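Here's a walk through a few corners of this protein, with the model open beside you. Keep the viewer handy and click along as the residues come up.

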2 protein chains.
Amino acid sequence: MLGGLTLGRFTGGDPSLLRRINSAVVLHALRDAETPSLTELMRVTGLSRPTVEGVIEGLAESGLVVEVPPDPADARKQGRPARRFRFHAEAGHLLGIEVGAHQVRAVLSDLSGTPLGSHRHDVDESASAEERLERVRGTVAELLRRSSVARGTLWAVGVGTPGIVEADGVVRLCTALPGWTGLPLGERLQRSFRCPVLVENDANVAVVAEHWQGAAVGTDDAVFVLAGLSPGAGSLIGGRLHRGFGGAAGEIGALHLLGREVTPEHLLSTTGTPLHPLDEGAVARVFALAKEGDPQALEAVNRFLRRLVHDVAALVLAIDPELVVVGGWAAGLDGVLEPLREQLALYCLRPPEVALSALGEGVIATGALRLALDHVEEQLFAVEQAPLARR
Amino acid sequence: MLGGLTLGRFTGGDPSLLRRINSAVVLHALRDAETPSLTELMRVTGLSRPTVEGVIEGLAESGLVVEVPPDPADARKQGRPARRFRFHAEAGHLLGIEVGAHQVRAVLSDLSGTPLGSHRHDVDESASAEERLERVRGTVAELLRRSSVARGTLWAVGVGTPGIVEADGVVRLCTALPGWTGLPLGERLQRSFRCPVLVENDANVAVVAEHWQGAAVGTDDAVFVLAGLSPGAGSLIGGRLHRGFGGAAGEIGALHLLGREVTPEHLLSTTGTPLHPLDEGAVARVFALAKEGDPQALEAVNRFLRRLVHDVAALVLAIDPELVVVGGWAAGLDGVLEPLREQLALYCLRPPEVALSALGEGVIATGALRLALDHVEEQLFAVEQAPLARR
């Protein structure tokens with residue numbers, strides 16, 4: 001809500017705040033239009049010509065706005081062609097990084113989020129935290145080198161990783177990756193960058209990614225289920241990421257602890273010996289056997305799907321989203337959608353839509369990039385806390 | 001976020017919008033201070049004297065502001081004592097109504113939410129929808145009569161009731177009350193009032209109530225569990241009620257359908273015959289027997305508590321609230337807190353606090369009143385949609 005007192009402060013006439021507001025307004029208009037003229041900017045923003053000119057001058061000095069060559073059409077209409085400007089998205093760069101169990105992936109963009117390149121490396125599920133961090137550094141260095149982008153032009157770095165991540169970038173709990181619990185991941189990665197590094201849970205950035213350019217575009221109340229032996233979920237509520245009070249929202253993988261039921265690793269085992277929770281190869285083999293009709297594998301897959309469906313259904317009952325996106329795990333996801341739809345239809349008055357992830361293996365790096373972009377847009381466009389320069 | 005374009009429109013200088021903003025700012029300041037003078041209002045709002053005077057004049061005309069007698073202390077300091085004003089909360093009234101399984105309860109307040117009276121009637125769980133509506137009308141009429149408040153001075157009416165309630169006030173699903181599913185409750189009650197009638201799920205208004213003046217004061221991420229044979233929950237996320245996409249968030253009572261497990265009515269039965277889901281007497285008897293050490297009752301209560309704890313735990317994993325408030329059901333709630341705390345501690349990194357409802361039997365009517373108050377405050381203080389007069 002546009003609170004009365006906030007505006008009261010504004011009408012109270014703090015001149016530097018007013019300048020920031022006007023800058024944000026003009027920058028917004030610049031980004032939304034192609035190459036507006038001063039007159040067009042005045043019309044869209046409602047600001048006076050001297051104000052727009054002053055703001056444009058300041059933005060040009062900080063590199064965020066450039067003048068473009070005059071439009072010949074303008075010249076025909078008037079004696080002197082109108083000066084035209086555009087948002088200078090190349091003034092800085094953003095990185096999105098996935099630090100996962102099996103891969104490290106980085107994607108690079110300009111300040112508009114337009115992708116400029118990406119790079120990935122396999123990493124072993126048993127790699128130590130130091131090895132994994134080294135792999136991140138190598139992947140980033142290679143991506144920047146190939147894209148001919150200087151590290152100093154990075155404005156923000158987003159990171160998605162398994163586990164419960166605190167607001168300060170510390171991984172509070174992660175059973176999946178060796179040495180990850182307690183790791184100050186934000187601080188460690190920060191050493192490689194001079195810009196802000198934002199760390200977030202992988203399922204959380206995944207839902208942000210699908211909302212940005214995947215299966216949840218236009219859907220502000222969506223849940224992303226990162227399927228696996230220990231599933232996690234990220235929720236968007238009213239278009240905003242719901243992290244939970246302690247950053248642990250969506251940790252539905254812990255549900256089976258409640259009933260002291262058999263662990264997921266046992267559920268999907270055909271031999272009685274538990275699968276390694278990150279051994280995707282073993283999981284894929286069980287799914288493949290089931291497809292061939294192996295009765296034991298079929299039973300294991302059914303047991304496993306029932307559990308996953310139950311966990312997701314509990315989340316849906318709690319949150320009542322418009323859409324559930326399932327992804328993050330290649331093997332056997334097709335088999336999840338139908339039982340999930342059926343179960344949800346049984347007890348939901350208006351069952352949510354169920355869809356597969358549209359972004360595939362890049363979903364977490366893409367969501368991490370969107371985090372970085374959100375951060376920069378807040379800096380550029382928000383009125384209350386944002387100086388226009390980089391922090 | 002105080003978006004650039006919104007402010008752009010403002011700085012663009014729409015004079016009626018500016019007047020509304022200034023009115024909201026002054027009204028806010030009036031409500032927060034006791035009886036401010038013009039000078040004090042100028043200082044707090046940053047507005048000029050002529051602007052404040054103009055706004056006060058308009059607010060006085062619409063009955064929202066009254067001048068109070070001068071403070072003798074002012075007279076001693078200056079030649080002419082300062083004019084002082086206050087928010088005229090008595091200019092209108094609000095109602096909060098619970099339409100429950102066993103009671104209809106109404107509470108009346110002024111425009112500040114200060115309670116002026118309340119009234120309740122028992123109603124039978126088997127009463128028809130028409131009987132229940134008639135009971136509501138009777139209860140409201142009696143309350144208004146006793147409080148000597150004219151129906152025409154009501155500005156908003158909030159209603160809390162079991163079931164999934166759509167934004168249009170229709171009860172989409174309610175298994176608890178006869179004839180409730182499909183009832184256009186908002187429209188039916190609207191016939192008795194000339195002001196807006198807002199209908200909401202009972203657990204949802206309960207969490208709003210506890211946040212306003214109960215166990216969740218100061219806690220913006222709280223869940224209220226309305227315990228019972230079919231528990232429901234209401235969630236506050238970032239201080240805002242989370243209704244879910246279809247108004248069905250928190251319907252954890254449906255969880256047991258998932259596992260095709262025994263129904264709660266059977267769980268708590270000591271005879272094999274299911275309890276009636278609304279028969280609180282029978283439930284209380286089982287709890288009482290358990291307290292006396294009856295082994296069958298003890299087993300039934302334990303079964304039942306395990307289920308309730310499981311349902312609440314699933315909700316906590318999904319949402320990760322700071323606080324869980326349990327209430328809405330007199331019998332045996334004490335016995336829920338400890339197992340709930342123990343279970344949550346088992347798998348939550350930072351288990352939420354668990355507390356009993358502080359508002360007791362009035363919680364739903366109080367939350368419904370807060371709904372009405374929120375509506376009026378939005379009318380009075382919001383800038384974008386609010387004309388200052390009543391709708």
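## Helix 11 of chain B

Start with the covered side: A282(B), V283(B), V286(B), F287(B) and A290(B) are the buried residues in helix 11 of chain B. Look down the axis of helix 11 of chain B and these buried residues fall within an arc of 140 degrees, so they line one face of the helix. Bear in mind that this is a predicted model. Part of the cover over that buried side comes from helix 12 (295-319) of chain B.

Now flip to the face of helix 11 of chain B turned away from its buried side, and you'll find the exposed residues R285(B) and K291(B). Helix 11 of chain B runs over residues 280-291, twelve in total, and reaches 16 Å from its first C-alpha to its last, close to the 16 Å expected at 1.5 Å a residue. Just after helix 11 of chain B comes G293(B), with a positive phi of about 95 degrees.

## Two spots elsewhere in chain B

Helix 12 of chain B is also home to R306(B). Is R306(B) buried or exposed? R306(B) counts as exposed, at 56% relative accessibility, because the cut-off for that label is over 50%. Its C-alpha is separated by 8.9 Å from that of V336(B), a residue 30 places away along the chain.

S235(B) is another story to click on. S235(B) sits in strand 11 (residues 232-237) of chain B. Its relative accessible area is 2%, so S235(B) is buried, the cut-off being under 20%. Which residues does S235(B) touch, not counting those up to four places away in sequence? The list is N204(B), V207(B), A222(B), V223(B), R240(B), L241(B), H242(B) and I319(B).

## Chain A in numbers

Over to chain A, which has 14 helices and 14 strands. Of its 391 residues, 54% are buried. Take the contacts in chain A between residues at least 6 apart in sequence: 61% of them join residues at least 24 apart. As for the surface, chain A exposes about 16600 Å², and carbon and sulfur atoms supply 51% of that.

## The nonpolar core

In soluble globular proteins, nonpolar side chains tend to be buried together. Here, the largest nonpolar core has 70 residues, and those touching the most other members are V312(A), L340(A), L344(A), V312(B), L340(B) and L344(B). Zoom in on V312(A): leaving aside neighbours within four places in sequence, V312(A) is in contact with V225(A), I252(A), V324(A) and L340(A).

Two of those core residues, L340(A) and L344(A), also turn up among the buried residues of helix 13 (residues 334-347) of chain A, along with V336(A), L337(A), Q343(A) and Y347(A). Viewed down the axis of helix 13 of chain A, the buried residues fall within an arc of 145 degrees, so they line one face of the helix. The face of helix 13 of chain A turned away from that buried side carries D334(A), E342(A) and L346(A), which are exposed.

## Strand 3 of chain A and its partners

How many of the seven residues in strand 3 (residues 93-99) of chain A are buried? Seven of the seven, as it turns out. In a regular strand the side chains alternate between the two faces of the sheet. In strand 3 of chain A, H93(A), L95(A), I97(A) and V99(A) point one way while L94(A), G96(A) and E98(A) point the other way, and all are buried.

Strand 3 of chain A pairs with strand 4 (residues 103-110) of chain A in the antiparallel sense, over seven bridges, and these two strands form a hairpin with three residues between them. Strand 3 of chain A also runs parallel to strand 6 (residues 154-161) of chain A, joined to it by six bridges. E98(A) is a handy marker for both pairings: E98(A) stands opposite R105(A) in strand 4 of chain A and opposite G160(A) in strand 6 of chain A.

## A histidine in strand 5

Last stop: H121(A), in strand 5 (residues 115-122) of chain A. H121(A) is partly exposed, with a relative accessible area of 32%. Leaving aside neighbours within four places in sequence, H121(A) is in contact with H102(A), Q103(A), V104(A), R135(A) and T139(A). The C-alpha atoms of H121(A) and T139(A) are separated by 6.7 Å, and the two residues are 18 apart along the chain.

Terms used: Residues numbered from 1 in each chain as written. Chains lettered and ligands numbered in written order. Predicted model: local features only at pLDDT ≥ 70, side-chain atom pairs only at ≥ 80, totals over all residues. Heavy atoms only, no water. Helix = DSSP H or I, 4+ residues; strand = E, 2+ residues; numbered from the N terminus. Expected span 1.5 Å × (residues − 1). Buried < 20%, exposed > 50% of the residue type's maximum accessible area, 1.4 Å probe, protein only. Arc of directions from axis to C-beta. Contact = heavy atoms within 4.5 Å. Areas by Shrake-Rupley, 256 points an atom, 1.4 Å probe, with all protein chains shown as cover. Core = buried A, V, L, I, M, F, W, Y, C linked by side-chain atoms within 4.5 Å. Pairing = 2+ DSSP bridges.
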